[in-house]
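Student: Could you take me through one part of this model up close? I'd like to know what is tucked away there and what it packs against.

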Amino acid sequence: MQNTIAVRRKQRKLSQADLAALTAVTRQTINAIENDKYDPSLSLAFKLATVLETTVDKLFNQGEDHQ
């Protein structure tokens, strides 16, 4: 699943550690999500969207070319 977390995080001038602290996960978890190595739970997806001031559907997309 593709996501725009890194772009949105950088726009808000947050480090991975900052975002991790704001969402109560580890920096490694944020790194794994940004690099498409881990799909977050629905609860975490909503936390990320809230902190990054967007919606879950704008933060994540499955990518039509990756069926």
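Tutor: Let's go for α3, where I30, A32, I33 and E34 are the buried residues; buried means under 20% relative accessible area, exposed over 50% and partly exposed in between, with a 1.4 Å probe and protein chains only. Bear in mind that this is a predicted model, where local features need pLDDT of at least 70 and side-chain atom pairs count only at pLDDT 80 or more, while totals for chains, interfaces and linings use all residues. Residues are numbered from 1 along each chain as its sequence is written, and side-chain values use heavy atoms, leaving out hydrogens and water.

Those buried α3 residues pack against β1 (2-3), α1, α2, α4 and β2, with contact meaning heavy atoms within 4.5 Å. Helices (H or I, at least four residues) and strands (E, at least two) are DSSP runs, numbered from the N terminus. Right after α3 comes D36, with a positive phi near 55°.

Now follow the packing over to α4 (residues 42-51), where L44, A45, L48, A49 and V51 are buried. They sit on the same side of α4 because they cover an arc of only 165° around the axis, taken from the directions from the helix axis to the C-beta atoms. L42 and T50, on the other side of α4, are exposed. The partners of the buried α4 residues are α1 (5-11), α2 (16-23), α3 (27-34), α5 (56-59) and β2 (60-61). Just past α4, E53 has a positive phi of about 55°.
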